[in-house]
Amino acid sequence: MNLIEEISRRHPSDAVAVISGGRSVTYGELFDGASKVAAEIRNAARPLQRHPRIGLHCPDGLDYIILAMGILLADACLVPLAEELTAEEREEITHTTSLDFTLDGKPNHGGHVLKRLETKPPAFPEDDFQALNPAFIRFSSGTTGTSKGVVLSHETLLARITAANEGLKIGPDDKVLWMLPLAHHFAVSIVLYLYAGAVTVLEPSPAREDILAAAEAHEATVMYGAPFHYAMLGADTGSFRWPSLRLAVATAAALPEATARAFEQRFDQALVQGLGIIEVGLSVLNLEDAASTPTAIGRALPAYEVALLDPLGNPVAEGEAGEFHIRGPGLLDAYLVPWDPEPLRDGYFASGDLVVRHSDGLLTLVGRSKSVINVAGMKVFPEEVEAILNLHPEIEASRVVGKDHPHTGQIPVAEIIPRDPANPPKAIAIQRYCREHVSAYKVPLRFKPVDSLPRTASGKIRRV
């Protein structure tokens with residue numbers, strides 16, 4: 001099964017699929033463009049006689065959608081190479097996934113460049129990988145020291161978007177105002193909108209006035225964004241009331257109550273928080289209690305089962321925090337590194353999120369049992385940043401933690417042990433050093449010199 005072929009059979013070719021920069025693009029035009037890309041890929045990959053892995057590097061916009069569709073239509077596996085990655089991070093992903101090609105979009109120069117790569121044999125079993133009908137590999141972080149790489153098949157993507165749409169109920173009458181990075185969300189969210197026959201409205205400008213102008217001009221019915229988008233819009237003082245809006249989904253970071261209240265007061269629309277996990281998809285939505293309890297993540301969608309367990313694997317009592325486990329359609333097929341084709345336990349995925357279930361069944365996210373830091377929907381693994389900091393000639397050791405932030409959810413901050421306590425390195429110099437090696441959103445915003453770092457009995461950095 002090929003998901004893009006399935007989409008092509010579902011909609012009339014003259015129906016509008018994407019609006020970008022004032023241009024309306026039909027499903028027929030999308031598939032014409034994607035088919036040309038797919039033909040080029042098939043021809044180049046013919047000697048491989050298998051599903052090639054292709055890294056896509058392209059700015060957000062219409063070209064990204066067409067190129068990504070072309071990769072999937074060619075039965076190739078899409079590996080996003082996000083714009084914010086440093087050259088070092090991009091090389092790490094290229095090596096870890098054993099990419100066969102890179103596809104670079106050139107929107108300002110026209111066209112794209114498909115480049116064949118010479119890489120070493122993969123560190124995972126090629127035959128087992130190929131047997132999955134792989135569509136997508138996504139790393140939560142730029143390097144693979146603590147991020148295993150999630151593998152999703154065409155069948156899994158279809159099951160995932162079908163289950164999610166039982167809650168979202170997106171259809172041909174919807175126009176979805178899109179605000180998030182395509183490299184992080186295309187293979188689930190945008191594919192869902194295409195499958196459902198909706199119109200995706202791409203607004204490249206981050207300015208509040210431009211976002212609302214696009215919402216008004218195209219009568220957007222759905223918005224999908226991060227809390228900081230909604231905080232910005234909630235502070236608007238204009239006269240546009242957005243009467244066409246029926247659903248506003250906040251995801252990628254915890255939703256502050258003040259943000260939800262401000263947005264609802266401004267546009268008379270409650271913000272629906274959702275719990276999206278790359279291994280699972282969108283499985284929990286706060287559809288029923290968004291107005292009364294906006295900070296809750298809601299309830300599991302019909303296709304999913306939730307279990308909240310203590311560290312010994314036993315169910316926790318009502319009102320107590322337990323690790324969030326979920327079972328249902330569309331869960332990951334495998335982890336890439338190290339290769340793990342059976343990442344689930346009794347069909348459940350253990351998320352690392354700490355969640356409380358209340359007497360009415362409502363779920364509230366209260367923390368993390370893992371160390372990942374969530375910056376405006378982008379995942380930061382402290383170990384990755386610490387590895388860079390510890391290479392700095394003036395730093396003996398470091399610990400990176402997340403601190404709550406009203407707009408981005410969290411920010412990374414660092415404690416450092418200077419090699420010369422009397423003359424610690426300046427923060428601006430450390431930040432400049434970090435930016436040479438990791439994406440900007442991973443760079444700590446504050447540095448605190450300390451004499452020692454908290455450690456476990458085995459000598460590991462203590463995270464909580």
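Two strands are taken to pair if DSSP finds at least two bridges between them. In the predicted model described here, strand β16 (residues 305–309) and strand β17 (residues 321–327) satisfy that criterion, since five bridges join them in the antiparallel sense. Within this pair, Val306 stands opposite Ile326 in β17. Strand β17 is also paired with strand β19 (residues 349–357), again in the antiparallel sense and over five bridges, and in that pairing Glu323 has Leu354 of β19 opposite.

An open sheet of nine strands is arranged in the order β2-β1-β10-β9-β11-β12-β13-β14-β15, and its pairing is mixed. The edges of this sheet are occupied by β2 (23–26) and β15 (299–300), each of which has a single partner strand, so that one side of each is left without a neighbour in the sheet. Within the order given above, strand β9 (residues 175–178) and strand β10 (residues 199–202) pair in the parallel sense over four bridges, with Val176 placed opposite Thr200 in β10.

An antiparallel pairing over four bridges connects β7 with strand β8 (residues 150–153), and here Pro134 stands opposite Ser153 in β8. Strand β7 itself, which spans residues 134–138, is mostly covered, five of its five residues being buried.

Two residues of strand β23 (residues 395–405) were examined individually, beginning with Ser398. With buried defined as under 20% relative accessible area, Ser398 counts as buried because its relative accessibility is 3%. The side chain of Ser398 makes a polar contact with the side chain of Asn390, at 2.8 Å. When residues up to four places away in sequence are not counted, Ser398 touches Glu386, Leu389, Asn390, Glu415, Ile416, Leu453 and Ile461, so that Asn390 appears both in this set of contacts and as the polar partner of the Ser398 side chain.

The second residue, Val401, is likewise placed in strand β23 and is buried, with a relative accessible area of 15%. Contacts of Val401, again not counting residues up to four places away in sequence, are made with Ile373, Ile411, Pro412 and Val413. For one of these, Ile411, which lies 10 residues from Val401 along the chain, the separation of the two C-alpha atoms is 8.3 Å.

The space left open within the model was considered last. The second largest pocket holds about 530 Å³ of space. Its lining is made up of 26 residues, of which Asp60, Met179, Leu180, Pro181 and Pro204 are the closest to the pocket centre. The elements that give two or more residues to this lining are α7 (182–196) and α9 (227–234), and the largest share, three residues, comes from α9. By residue class, the lining of the second largest pocket divides into 17 nonpolar, five polar and four charged residues.

Conventions:
Residues numbered from 1 in each chain as written. Predicted model: local features only at pLDDT ≥ 70, side-chain atom pairs only at ≥ 80, totals over all residues. Heavy atoms only, no water. Buried < 20%, exposed > 50% of the residue type's maximum accessible area, 1.4 Å probe, protein only. Polar contact = N/O pair within 3.5 Å; in protein donor to acceptor, adjacent residues only side chain to side chain. Contact = heavy atoms within 4.5 Å. 1 Å grid on protein atoms, 1.4 Å probe; cavity = no way out; pocket = protein on both sides within 12 Å on 5 of 7 lines; lining within 4 Å. Points joined across faces, edges and corners; volume = space filled by probe spheres on them. Nonpolar A, V, L, I, M, F, W, Y, C, P; charged D, E, K, R; others polar.
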